[in-house]
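User: Hello! Could you give me a close look at one part of this model, the second largest pocket, and then place it in the wider chain? Which residues lie nearest its centre?

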Amino acid sequence: MRRFRKTFIRAGLEALYLSGAHVWLRPIFSGVGAIYTLHHVRPRRDDDFQPNCHLEVTPEFLREMLSHLRDHDIEIITLDELHHRLVERNFARRFACFTFDDGYRDNRDYALPVMREFAAPFTIYVTSDFAEGRGRLWWVALELVVAKAETIEIEIGGLALRLDASTPAAKCVTFQRLHDWLRSLPGDHDIQREIGALCARNGIDEASICRELCMSWDELKALSAEPLVSIGAHSISHCNLAKQSEETARIEIAESRTRIETELQRSVLHMAYPYGDRAAAAQREFVLAAASGYKTAVTTRPGMIFAESADHLTALSRVSLNGHYQDARVLPVLTSGAATAMWNGFRRIDAA
């Protein structure tokens with residue numbers, strides 16, 4: 001099903017480009033700007049099994065995107081400036097914001113040099129537990145487990161299963177089944193229990209993953225001194241906020257800001273909801289983010305920024321730069337708003 005979805009999306013992007021439909025949809029759906037979502041930026045890997053590759057783009061593709069924006073006179077601005085323009089209704093020039101979720105070290109090592117080439121500001125949304133080296137990146141742990149194993153023994157819904165992981169294709173199927181099952185569990189403690197057991201049985205050091213991939217507080221403090229870099233919050237533990245009690249969600253949202261401000265001695269006024277889809281962030285979380293004093297908060301719901309987004313500052317949509325679609329022909333489709341318009345049934349705002 002996931003492979004079909006990926007093929008369907010790619011075909012849709014191709015159709016929009018080749019038909020020229022994105023050109024005539026642009027005046028209606030490009031909005032006043034866009035916020036782009038990224039996670040990893042690093043050189044392309046050659047592994048046959050890369051189930052999380054949608055979360056990474058190459059430095060070359062990032063450079064292509066920035067060049068495309070410059071060539072089309074789209075201004076790259078900070079989230080503070082985005083907030084100002086929305087509040088003041090200043091839409092004289094289309095804009096783009098770049099945001100990187102989680103706090104990965106490759107944002108410094110590979111994204112920053114490219115952003116410097118274009119004098120392009122960007123925001124890194126930091127998960128405070130990741131910066132402290134004690135967070136759990138369960139989706140990465142799951143990839144390592146499946147990559148290493150020939151078979152996976154697991155109990156799901158009271159049934160003992162033995163899942164095939166003997167070939168790259170089988171590994172992809174098994175990873176997706178386990179990923180979807182883990183996301184469906186009642187709480188994050190359930191995910192951690194199950195992924196911890198899988199790691200223990202398959203010899204994966206789960207605790208080391210965060211330290212290997214994510215920047216520490218000292219690294220973030222040095223990076224935050226860069227003129228182009230601002231730091232936002234991404235919760236304490238990267239939990240699904242919608243599955244938490246209201247008090248726990250409030251603490252995750254508010255205290256993550258406090259921790260980052262204490263460690264970095266810089267104001268934190270913007271946040272991103274972990275996962276950020278409808279199942280992870282909705283009206284309650286939007287209200288909590290506003291009550292916690294954030295100027296903006298972003299989801300992963302696909303969409304451009306429109307003038308009416310000013311009424312939903314803690315429920316802003318973003319456009320994903322997805323590792324599956326690193327093709328220069330995708331760029332004019334993404335910036336036209338045509339792809340997200342079709343995804344949203346031609347609704348401009350998805351903040352309900």
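Analyst: Happy to. A word used further on is contact, meaning heavy atoms within 4.5 Å. This is a predicted model, where local features need pLDDT of at least 70 and side-chain atom pairs count only at pLDDT 80 or more, while totals for chains, interfaces and linings use all residues. Residues are numbered from 1 along each chain as its sequence is written, and side-chain values use heavy atoms, leaving out hydrogens and water.

Now to your pocket (on a 1 Å grid over the protein atoms alone, an open set of points with protein on both sides within 12 Å along at least five of seven lines; a cavity is a set where a 1.4 Å probe fits but cannot get out; lining residues have an atom within 4 Å of a point). R45, V140, E143, L144 and L213 lie nearest the centre of the second largest pocket, among 19 lining residues. Two elements give two or more residues to this lining: helix 7 (138-148) and helix 10 (206-213). Helix 7 supplies the largest share, 5 residues. The space in this pocket is about 370 Å³, a volume being what is filled by probe spheres set on the points, which are joined across faces, edges and corners. In its lining, 9 residues are nonpolar, 3 polar and 7 charged; Ala, Val, Leu, Ile, Met, Phe, Trp, Tyr, Cys and Pro count as nonpolar, Asp, Glu, Lys and Arg as charged, the others, Gly among them, as polar.

Enclosed space is there too, with 4 cavities of 30 Å³ or more. The largest cavity holds about 60 Å³, and its lining includes M304, H312, R348 and D350. By class, that lining has 5 nonpolar, 3 polar and 2 charged residues.

For the wider setting, the chain has 15 helices and 12 strands (DSSP runs numbered from the N terminus: H or I of at least four residues, and E of at least two). Its C-alpha atoms fill a box of roughly 60 × 50 × 40 Å along the principal axes. Of the 352 residues, 55% count as buried (under 20% relative accessible area with a 1.4 Å probe and protein chains only; exposed is over 50%, partly exposed in between). Among contacts with a separation of 6 or more, 73% join residues 24 or more positions apart.

One residue gives a local example: N322 sits in the loop between strand 12 (316-320) and helix 14 (330-336). N322 counts as buried because its relative accessible area is 17%. Neighbours within four places in sequence aside, N322 is in contact with H54 and V57.
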